[in-house]
Amino acid sequence: MPQAFNPPDVVQPFGIFSSAAWQAEGRVLHLSGQVAQAADGSAVGIGDIEAQTRQVLDNLAQVLASVGGRLDDIVKVTVFVTDIAHLDQIHRVRAEYFAPPYPASTLVEVSRLVQPEYLIEIDAVASIPYERVQ
(Lines give C-alpha, C1' and ligand atoms only; values in the text may rest on other atoms or scores of the structure.)
Protein backbone atom coordinates (compact mmCIF):
# COMPACT_ATOMS: atom_id res chain seq x y z
CA MET A 1 0.00 0.00 0.00
CA PRO A 2 1.36 3.45 -0.85
CA GLN A 3 2.80 5.24 2.15
CA ALA A 4 1.42 8.75 1.74
CA PHE A 5 2.20 11.23 4.48
CA ASN A 6 2.04 14.83 5.64
CA PRO A 7 5.14 16.06 7.52
CA PRO A 8 4.23 17.86 10.75
CA ASP A 9 6.36 20.95 10.05
CA VAL A 10 4.91 21.64 6.59
CA VAL A 11 1.58 23.27 5.79
CA GLN A 12 -1.13 20.59 5.87
CA PRO A 13 -3.07 19.83 2.68
CA PHE A 14 -6.44 21.54 2.43
CA GLY A 15 -8.13 18.83 0.39
CA ILE A 16 -8.20 15.24 -0.71
CA PHE A 17 -4.44 14.75 -1.12
CA SER A 18 -1.24 14.16 0.83
CA SER A 19 2.00 16.13 0.72
CA ALA A 20 4.02 13.16 -0.52
CA ALA A 21 3.91 9.42 -1.04
CA TRP A 22 6.58 6.75 -1.04
CA GLN A 23 6.33 4.28 -3.87
CA ALA A 24 5.22 0.94 -2.47
CA GLU A 25 6.99 -2.20 -3.61
CA GLY A 26 5.36 -3.32 -6.82
CA ARG A 27 5.09 -2.59 -10.52
CA VAL A 28 4.76 1.07 -11.41
CA LEU A 29 2.01 1.96 -13.85
CA HIS A 30 1.73 5.38 -15.48
CA LEU A 31 -1.86 6.11 -16.47
CA SER A 32 -2.50 8.57 -19.28
CA GLY A 33 -4.82 11.46 -18.66
CA GLN A 34 -8.47 10.47 -18.61
CA VAL A 35 -11.35 12.76 -19.50
CA ALA A 36 -15.12 12.39 -19.02
CA GLN A 37 -15.52 10.05 -21.95
CA ALA A 38 -17.63 6.90 -21.98
CA ALA A 39 -16.36 3.67 -23.58
CA ASP A 40 -18.32 4.54 -26.74
CA GLY A 41 -16.42 7.83 -27.05
CA SER A 42 -19.26 10.10 -26.02
CA ALA A 43 -18.74 12.95 -23.56
CA VAL A 44 -20.29 12.40 -20.13
CA GLY A 45 -21.70 15.09 -17.84
CA ILE A 46 -21.36 18.08 -20.14
CA GLY A 47 -21.32 21.18 -17.94
CA ASP A 48 -21.33 19.10 -14.70
CA ILE A 49 -17.93 18.99 -12.99
CA GLU A 50 -19.03 16.38 -10.44
CA ALA A 51 -20.34 13.98 -13.11
CA GLN A 52 -17.19 14.51 -15.16
CA THR A 53 -14.92 13.93 -12.16
CA ARG A 54 -16.74 10.67 -11.41
CA GLN A 55 -16.37 9.50 -15.02
CA VAL A 56 -12.67 10.36 -15.03
CA LEU A 57 -12.08 8.43 -11.79
CA ASP A 58 -14.18 5.51 -13.08
CA ASN A 59 -12.03 5.45 -16.22
CA LEU A 60 -8.85 5.38 -14.14
CA ALA A 61 -10.32 2.58 -11.99
CA GLN A 62 -11.13 0.55 -15.11
CA VAL A 63 -7.61 0.92 -16.50
CA LEU A 64 -6.19 -0.17 -13.14
CA ALA A 65 -8.61 -3.10 -12.83
CA SER A 66 -7.52 -4.38 -16.25
CA VAL A 67 -4.09 -5.17 -14.76
CA GLY A 68 -5.11 -6.12 -11.22
CA GLY A 69 -4.85 -2.63 -9.73
CA ARG A 70 -7.18 -0.51 -7.61
CA LEU A 71 -7.57 3.20 -7.01
CA ASP A 72 -5.83 2.83 -3.65
CA ASP A 73 -2.69 1.80 -5.58
CA ILE A 74 -2.42 5.33 -6.96
CA VAL A 75 0.47 7.25 -5.42
CA LYS A 76 0.23 10.47 -7.49
CA VAL A 77 -2.37 12.29 -9.58
CA THR A 78 -2.13 15.37 -11.73
CA VAL A 79 -5.44 17.15 -12.19
CA PHE A 80 -6.08 19.61 -15.00
CA VAL A 81 -9.23 21.75 -14.73
CA THR A 82 -10.61 24.51 -16.89
CA ASP A 83 -12.00 26.40 -13.88
CA ILE A 84 -10.31 26.32 -10.48
CA ALA A 85 -13.59 27.52 -8.93
CA HIS A 86 -14.72 23.85 -9.14
CA LEU A 87 -12.09 22.76 -6.60
CA ASP A 88 -14.52 22.08 -3.73
CA GLN A 89 -16.76 19.97 -5.97
CA ILE A 90 -13.79 18.04 -7.33
CA HIS A 91 -12.54 17.29 -3.82
CA ARG A 92 -16.03 16.25 -2.72
CA VAL A 93 -16.06 13.63 -5.50
CA ARG A 94 -12.46 12.57 -4.88
CA ALA A 95 -13.43 11.85 -1.27
CA GLU A 96 -15.91 9.27 -2.62
CA TYR A 97 -13.12 7.43 -4.45
CA PHE A 98 -10.02 7.82 -2.27
CA ALA A 99 -9.47 7.04 1.39
CA PRO A 100 -6.60 8.29 3.54
CA PRO A 101 -3.74 8.25 3.04
CA TYR A 102 -4.59 10.16 -0.12
CA PRO A 103 -2.25 10.14 -3.11
CA ALA A 104 0.07 13.06 -3.68
CA SER A 105 -1.55 15.54 -6.05
CA THR A 106 -0.96 18.48 -8.32
CA LEU A 107 -3.84 20.60 -9.64
CA VAL A 108 -3.43 23.00 -12.53
CA GLU A 109 -5.93 25.32 -14.19
CA VAL A 110 -5.70 25.21 -17.99
CA SER A 111 -7.43 27.26 -20.66
CA ARG A 112 -8.79 24.24 -22.48
CA LEU A 113 -8.64 20.45 -22.71
CA VAL A 114 -8.67 18.28 -25.84
CA GLN A 115 -12.39 18.97 -26.44
CA PRO A 116 -14.23 22.07 -25.18
CA GLU A 117 -16.89 20.02 -23.35
CA TYR A 118 -14.30 18.49 -21.01
CA LEU A 119 -13.86 20.32 -17.71
CA ILE A 120 -11.31 18.00 -16.05
CA GLU A 121 -8.53 15.56 -16.94
CA ILE A 122 -6.57 13.42 -14.47
CA ASP A 123 -3.46 11.34 -15.03
CA ALA A 124 -1.96 9.09 -12.39
CA VAL A 125 0.94 6.96 -11.26
CA ALA A 126 0.13 3.71 -9.45
CA SER A 127 2.28 1.14 -7.70
CA ILE A 128 0.54 -2.24 -7.91
CA PRO A 129 1.76 -5.00 -5.59
CA TYR A 130 3.50 -7.79 -7.49
CA GLU A 131 1.03 -10.44 -6.31
CA ARG A 132 -1.88 -8.58 -7.93
CA VAL A 133 -0.28 -7.64 -11.25
CA GLN A 134 -1.97 -9.51 -14.09
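Which residues of helix 1 are buried? The close-up views described below, all taken from a predicted model, begin with that helix and then turn to its surroundings.

**View 1. The buried residues of helix 1 and the elements they pack against.** In this predicted model, the buried residues of helix 1 are Ile49, Glu50, Gln52, Thr53, Gln55, Val56, Leu57, Asn59, Leu60 and Leu64. These buried residues pack against strand 3 (27–34), strand 4, helix 2 and strand 6. The helix itself has 17 residues, and the distance from its first C-alpha to its last is 24 Å, close to the 24 Å expected at 1.5 Å a residue.

**View 2. The N-terminal end of helix 1, capped by aspartate 48.** Here a side-chain oxygen of aspartate 48 lies 3.1 Å from the backbone nitrogen of glutamate 50, and glutamate 50 is itself among the buried residues of helix 1.

**View 3. The largest nonpolar core, with 26 residues.** The residues with the most contacts inside this core are Leu60, Leu64, Ile74, Phe98, Ile120 and Ile122. At least two residues of the core are supplied by each of helix 1 (49–65), strand 4 (74–81), helix 2 (87–97) and strand 6 (120–128). Leu60 and Leu64 also appear among the buried residues of helix 1.

**View 4. The buried side of helix 2.** In helix 2, the buried residues are Leu87, Ile90, His91, Val93 and Arg94. They lie on the same side of helix 2 because they cover an arc of only 165° around the axis. The buried residues of helix 2 pack against helix 1, strand 4, strand 5 (104–109) and strand 6.

**View 5. Histidine 91 and the residues it touches.** Histidine 91 lies in helix 2, and it counts as buried because its relative accessible area is 9%, which is under the cut-off of 20%. When residues up to four places away in sequence are not counted, histidine 91 touches Phe14, Gly15, Ile16 and Phe17.

**View 6. The aromatic pair of phenylalanine 14 and phenylalanine 17.** A pair of aromatic rings is described by the distance of the centres and the angle of the planes. The count for this model comes to 1 aromatic pair, formed by phenylalanine 14 and phenylalanine 17, whose rings lie 5.3 Å apart, centre to centre, with 80° between the planes, an edge-to-face arrangement. Phenylalanine 14 is exposed because its relative accessible area of 63% is over 50%, whereas phenylalanine 17 counts as buried because its relative accessibility of 16% is under 20%.

Definitions and conventions
Residues numbered from 1 in each chain as written. Predicted model: local features only at pLDDT ≥ 70, side-chain atom pairs only at ≥ 80, totals over all residues. Heavy atoms only, no water. Core = buried A, V, L, I, M, F, W, Y, C linked by side-chain atoms within 4.5 Å. Buried < 20%, exposed > 50% of the residue type's maximum accessible area, 1.4 Å probe, protein only. Helix = DSSP H or I, 4+ residues; strand = E, 2+ residues; numbered from the N terminus. Expected span 1.5 Å × (residues − 1). Contact = heavy atoms within 4.5 Å. Polar contact = N/O pair within 3.5 Å; in protein donor to acceptor, adjacent residues only side chain to side chain. Phe/Tyr/Trp six-rings, centres within 6.5 Å; stacked < 30°, edge-to-face > 60°. Arc of directions from axis to C-beta.
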